[in-house]
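Trainee: Could you walk me through this one? I'd like to go from the overall fold down to single side chains.

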Amino acid sequence: MSSAMSANRTLELASGIHDIARDTWDALANPAGDPFDPFLCWDFLAALEESGCATEQTGWAPHHAVLREECGAIAAVAPLYVKGHSFGEFVFDHAWADAYERAGGSYYPKLLAAVPFTPATGCRLLAGAGPDADQRRDQLAAGLARITERVGVSSLHLNFLAERDRAMLERLGYMMRQGQQFHWINRGYESFDDFLAALSSRKRKDLRKERARAQNGLTIHRLSGDDLKSEHWDAFFEFYLDTGARKWGQPYLNRDFFDLLHDRMKDRIVLIMAEDDGEWIAGAMNLMGSETLYGRYWGRAEERPFLHFELCYYQAIDAAIERGLKRVEAGAQGAHKLARGYEPVATWSAHWIPNPGFRDAVSHYLEHERAAVSQEIQYLARHAPFRKT
């Protein structure tokens, strides 16, 4: 499938990540000089497809967008999926789907430009570097909107947008949706105690007590690269299955995915594991970019006071300080993160809806939602646990 573009470029939809050369994709997704995003790596996306996690059978049919020059060279790409449902996205549009269906339409399939199962902010219009990179991103975004209308799907969504993409998509007429997450910001801390010193006295004491109770009788390991062994993944996968079954009913990822991720990206993994008398009892997995530690999955074999906070939040802060990273993104939702020093930040998604009536209704809804989310972020920021100056 292709769509005519200006400047002698055409937009095509690939049938999977293997239709695009690894080096070509990675040069566009993570160009030299930009912060490295592990979720945009060819290896990460290929692991999702090869393991069977992101496939047509699971409602995530890969149809990655490819902008080609007249000579055939690839000028830009976007991770794109034909979705048969709205699960695993973390930008919730189930109410939109219900309204569209009640009006007599078919909301699914829809198009989604995102990283499956990954609520992490990043670029979605991938054009590498160069003087015309912005023009190529612009053409890619415009072409995606035209393809949405041409193939007759209900809508196109681009989730967890980097600021560069957000500004361009808004200028092109995409509708903007604001969300909110909690991120930890490294303000030059050299140790966890440095971070604690920035908190109010009461919060500082609370965090120390939580860490002491969580660590009591346990040994905490932060594992990466060659330190990661099969026994760690065996235990962690059982923890992940337990959490996934309780949260979603059915976990999104399988063991093959984690094996592929280990084989290809083990140096980008920080696996935090809790050991009790030789037994693994809990774990949290993070992926590491050049500036950010991304908290992703967690689980436990038994309940321990504050262990979730220790492995997912405090150990992540320790790891980020140790590696000189600028922030920790702790994933979706979770107002309890605020009391642990994670701050409210805005996240953004962009939406293209061809049907004019439905577009107007969603646009009106988003206007009110953005105002409410902005007010909530301001309110939460005023209640952050840091010392007042």
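What follows is a short run of questions and answers on this predicted model.

Trainee: How many helices and strands are there in the chain?
Mentor: Keep in mind that we're looking at a predicted model. Counting along the chain gives 11 helices and 15 strands.

Trainee: And what is the radius of gyration of the chain?
Mentor: Start from the globule rule, which gives 21 Å for 389 residues. The chain comes out close to that, so it is as compact as a globular protein of that length. Along the principal axes, the C-alpha atoms fill a box of roughly 65 × 45 × 45 Å. The radius of gyration itself is 21 Å.

Trainee: Which residue in strand 5 stands opposite leucine 67?
Mentor: Leucine 67 belongs to strand 4, where it is the bridge partner of leucine 11. Strand 4 (residues 65-68) pairs with strand 2 (residues 10-13) in the antiparallel sense over 4 bridges. Strand 4 is also joined to strand 5 (residues 74-78), again antiparallel, by 4 bridges. On the strand 5 side, the residue opposite leucine 67 is alanine 76.

Trainee: Which residue in the turn between strand 4 and strand 5 has a positive phi?
Mentor: Those two strands form a hairpin, with 5 residues between them. One residue in the turn has a phi of about 105 degrees, and that's glycine 72.

Trainee: Is cysteine 71 buried or exposed?
Mentor: The cut-off for exposed is over 50% relative accessible area. Cysteine 71 is at 68% relative accessibility, so it passes. Compare cysteine 312, which is buried because its relative accessible area is 14%. Cysteine 71, then, counts as exposed.

Trainee: How many disulfides does a search of the whole structure find?
Mentor: A disulfide is a covalent bond between the sulfur atoms of two cysteines. A pair needs its sulfur atoms within 2.5 Å to count. Searching the whole structure on that basis, the number found is 0.

Trainee: How far apart are the end C-alpha atoms of helix 4?
Mentor: Helix 4 (residues 133-151) has 19 residues, and at 1.5 Å a residue these should span 27 Å. Right after the helix comes glycine 152, with a positive phi near 85 degrees. The distance between the end C-alpha atoms agrees with the expected span: 27 Å.

Trainee: What kind of aromatic pair do phenylalanine 309 and tyrosine 313 form?
Mentor: The whole structure has 29 aromatic pairs. In this one, the rings are 6.0 Å centre to centre, with 20 degrees between the planes. Both residues are buried, and both lie in helix 10 (residues 307-323), 4 residues apart, about one turn of the helix. With planes under 30 degrees apart counting as stacked, the pair is stacked.

Trainee: Which ring does arginine 166 lie over?
Mentor: There are two such contacts to look at here. Lysine 83 lies over the face of tryptophan 60, at 3.9 Å from the ring centre. Arginine 166 is placed at 4.2 Å from its ring centre, over the face of tryptophan 348.

Trainee: Last one: is proline 31 buried or exposed?
Mentor: Proline 31 lies in the loop between helix 1 (22-29) and helix 2 (42-50). Buried means under 20% relative accessible area, and buried residues make up 56% of the 389 in the chain. At 8% relative accessibility, proline 31 counts as buried.

Note on methods: Residues numbered from 1 in each chain as written. Predicted model: local features only at pLDDT ≥ 70, side-chain atom pairs only at ≥ 80, totals over all residues. Heavy atoms only, no water. Pairing = 2+ DSSP bridges. Buried < 20%, exposed > 50% of the residue type's maximum accessible area, 1.4 Å probe, protein only. Expected span 1.5 Å × (residues − 1). Phe/Tyr/Trp six-rings, centres within 6.5 Å; stacked < 30°, edge-to-face > 60°. Lys NZ or Arg CZ within 6 Å of the ring centre and 35° of its normal. Rg over C-alpha atoms; globule rule 2.2 N^0.38 Å.
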